[in-house]
Each structure stands twice: as structure tokens, then as C-alpha cells.
Amino acid sequence: MVIEINFETTLVLLEALKPYIGNSVVDISSDNRDWRNRSCKSDLVTIDADNHILFEVFDNEVIVGYFTDHYHFEDYTSELQSGQDNYIERAKNFLKDLFENKLLHVEYNKGKSLYSEKYFIIYHDGREVECIGNTWFGLKKFINPFGKKSVNSTIWQFDKSKGVFIARETKLSDSNAIYVIDA
């Protein structure tokens with residue numbers, strides 16, 4: 001089977017992920033639609049469809065999707081001149097971080113409504129925990145201002161043998177704590 005792709009960047013990113021996605025069911029589509037449902041030229045690579053782990057390559061941008069969030073890597077030539085890495089390298093590093101490290105997903109609820117969620121990368125090499133996604137849903141739906149606040153969190157980690165992300169619930173002992181390490 002011949003896989004058609006539109007951009008060389010897609011091959012660069014797939015090559016960087018090769019050590020991780022050997023057991024994954026990878027789907028590549030080069031005939032895609034944008035957010036307005038118009039036909040567009042891009043390469044959509046889905047790695048873990050159930051958890052929405054994917055990346056989409058355009059002529060000057062890479063969008064990495066993970067669970068319920070996404071991250072844009074765009075070509076900013078003015079930033080490149082000031083010493084920034086190029087957008088392909090930044091996207092490649094971000095994808096590698098997703099597959100190598102744990103990902104903490106924290107949901108903030110008020111009553112029965114989800115009003116905010118955050119994603120954090122928990123680096124295994126001791127680097128500081130980094131927030132990579134923060135979504136607030138206050139304007140999209142009614143949130144009961146008198147509802148009881150609750151916090152739910154899940155740690156996701158890529159399982160190479162299964163080729164998918166697996167989850168385990170975390171135990172928060174303090175609402176200000178990021179995560180608790182089980183002994």
C-alpha cells in the first residue's frame with residue numbers, strides 16, 4: 001500500500017516517533033477538511049484514535065492534538081532570526097515529550113459541570129512540571145456558581161507494548177498539590 005503525503009515534515013515527525021509507535025495503529029490521511037469543513041492540503045496522522053493523539057501538518061504549521069486539547073507550532077520567521085528553534089523541531093520535541101513522559105490531566109468541576117481543565121507534563125528526568133494546556137469553559141455553558149467544587153485527575157502514560165496511552169487515577173491529598181507520588 002502506498003501512503004500519499006503532502007509534506008516532508010510529516011516524514012520527519014514520523015521518523016522521530018518511530019521508537020515509540022512501533023505497536024501503534026497509525027492512520028495517515030492527506031485528503032482533509034479544516035475547522036470550517038473546507039477541503040485543505042494537510043497530512044493528518046492519528047496515532048491513538050481513542051485518546052485523540054494525533055498531529056496535522058500544514059505548509060507552515062503543525063498542530064498536535066492530545067486527549068481534549070491541542071497545541072500549535074507555527075513558522076515565525078522573525079522568531080527564527082532571534083534564535084528560536086524552527087517550528088518543526090519544536091513540534092518534534094513536544095511529541096517526544098508526550099510519548100516519553102507522564103501527562104497529568106486535571107479537571108475542575110463545579111457541581112456536575114466541568115469548568116476548567118489543565119494538562120501537565122511530568123518529566124521523568126527531574127525537570128520542573130510544565131503546564132501545556134489550560135482550557136476554561138465558563139462562556140460555553142452554564143456553571144452553577146453555588147455548586148460544590150471538585151477536582152479529578154488522571155495520569156496518562158504511553159505504553160509502547162500496546163501502542164496506546166493508558167490511564168491511572170491519581171490521589172490528590174491537597175487541592176493545591178499537583179500530584180501525589182505513590183510509595
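Below is a chat between two people about salt bridges, strands and aromatic rings in a predicted model.

Colleague: Let's start with charges: how many salt bridges are there in this model?

Modeller: The count comes to four salt bridges, and since this is a predicted model, that count belongs to the prediction.

Colleague: What does Asp 34 pair with?

Modeller: Asp 34 forms a salt bridge with Arg 38, and the closest N and O atoms of the two are 3.2 Å apart. Asp 34 is partly exposed at a relative accessible area of 22%, and Arg 38 is also partly exposed, with a value of 44%.

Colleague: And Lys 92, which residue is its partner?

Modeller: Lys 92 forms its salt bridge with Glu 89, with 3.4 Å between the closest N and O atoms. Both residues lie in helix H3, which covers residues 87-100, and they are three residues apart, about one turn of the helix.

Colleague: Is Lys 92 buried or exposed?

Modeller: Lys 92 counts as buried because its relative accessible area is 18% and the cut-off for buried is under 20%. Its partner Glu 89 is partly exposed, at 30%.

Colleague: What about Asp 97, which residue does it bridge to?

Modeller: Asp 97 forms a salt bridge with Arg 127, where the closest N and O atoms are 4.0 Å apart. This pair links distant parts of the chain, with Asp 97 in helix H3 and Arg 127 in the loop between S7 and S8, 30 residues apart. Asp 97 is buried, with a relative accessible area of 16%, whereas Arg 127 is partly exposed at 44%.

Colleague: Which residues are joined with Asp 97 in one network?

Modeller: Salt bridges that share partners join Asp 97, Asp 125 and Arg 127 into one network. Apart from that, the charged end of Arg 127 sits over the ring of Tyr 123, at 3.9 Å from the ring centre.

Colleague: While we're there, where does His 124 lie?

Modeller: His 124 lies in the loop between strand S7, residues 113-122, and strand S8, residues 130-136. His 124 is exposed, with a relative accessible area of 61%.

Colleague: What is His 124 in contact with, leaving aside its neighbours in sequence?

Modeller: Once neighbours within four places in sequence are left aside, His 124 is in contact with Glu 100 and Asn 101. As for Asp 97, the C-alpha atoms of His 124 and Asp 97 are 9.9 Å apart in space, with their positions 27 residues apart in sequence.

Colleague: Changing topic, how many residues of strand S2 are buried?

Modeller: Strand S2, residues 39-48, is mostly covered, as seven of its 10 residues are buried.

Colleague: How many bridges join S2 to strand S1, and how many join it to S3?

Modeller: Six bridges join S2 to strand S1, residues 27-33, and these two strands run antiparallel. Five bridges join S2 to strand S3, residues 53-57, and that pair also runs antiparallel. On the S1 side, Asp 27 has Thr 46 in S2 as its bridge partner, while on the S3 side Asp 43 stands opposite Val 57.

Colleague: Which residues take a positive phi in those hairpins?

Modeller: In the hairpin of S1 and S2, which has five residues between the strands, Asn 37 takes a positive phi near 70 degrees. In the hairpin of S2 and S3, with four residues between the strands, His 52 takes a positive phi near 60 degrees.

Colleague: Now the aromatics: how many pairs does a search find?

Modeller: A search of the whole structure finds 13 aromatic pairs. In one of them, the rings of Tyr 20 and Phe 99 have centres 5.9 Å apart and planes at 25 degrees, so the pair is stacked. Tyr 20 lies in the loop between helix H1 and S1 and Phe 99 lies in helix H3, so this pair ties together parts that are 79 residues apart in sequence. Tyr 20 is buried at 9% relative accessible area, and Phe 99 is buried at 5%.

Colleague: Why is the pair of Phe 99 and Phe 158 edge-to-face?

Modeller: The planes of Phe 99 and Phe 158 are at 75 degrees, with the ring centres 4.7 Å apart, so the pair is edge-to-face. Phe 158 is in strand S9, residues 149-159, and Phe 99 is in helix H3, so far along the chain that the pair links distant parts, 59 residues apart. Both Phe 99 and Phe 158 are buried.

Colleague: Which residues form the aromatic cluster?

Modeller: One aromatic cluster includes Tyr 20, Phe 99 and Phe 158, and among its other members are Tyr 66, Phe 94 and Trp 156.

Technical notes: Residues are numbered from 1 along each chain as its sequence is written. This is a predicted model: local features need pLDDT of at least 70, side-chain atom pairs count only at pLDDT 80 or more; totals for chains, interfaces and linings use all residues. Side-chain values use heavy atoms; hydrogens and water are left out. Buried means under 20% relative accessible area, exposed over 50%, partly exposed in between (1.4 Å probe, protein chains only). Contact means heavy atoms within 4.5 Å. A salt bridge is a side-chain nitrogen of Lys or Arg within 4 Å of a carboxyl oxygen of Asp or Glu. Two strands pair if DSSP finds at least two bridges between them. Rings of Phe, Tyr and Trp (its six-membered ring) pair if their centres lie within 6.5 Å; planes under 30 degrees apart count as stacked, over 60 as edge-to-face and the rest as tilted. A charge sits over a ring if NZ of Lys or CZ of Arg is within 6 Å of the ring centre and within 35 degrees of the ring normal.
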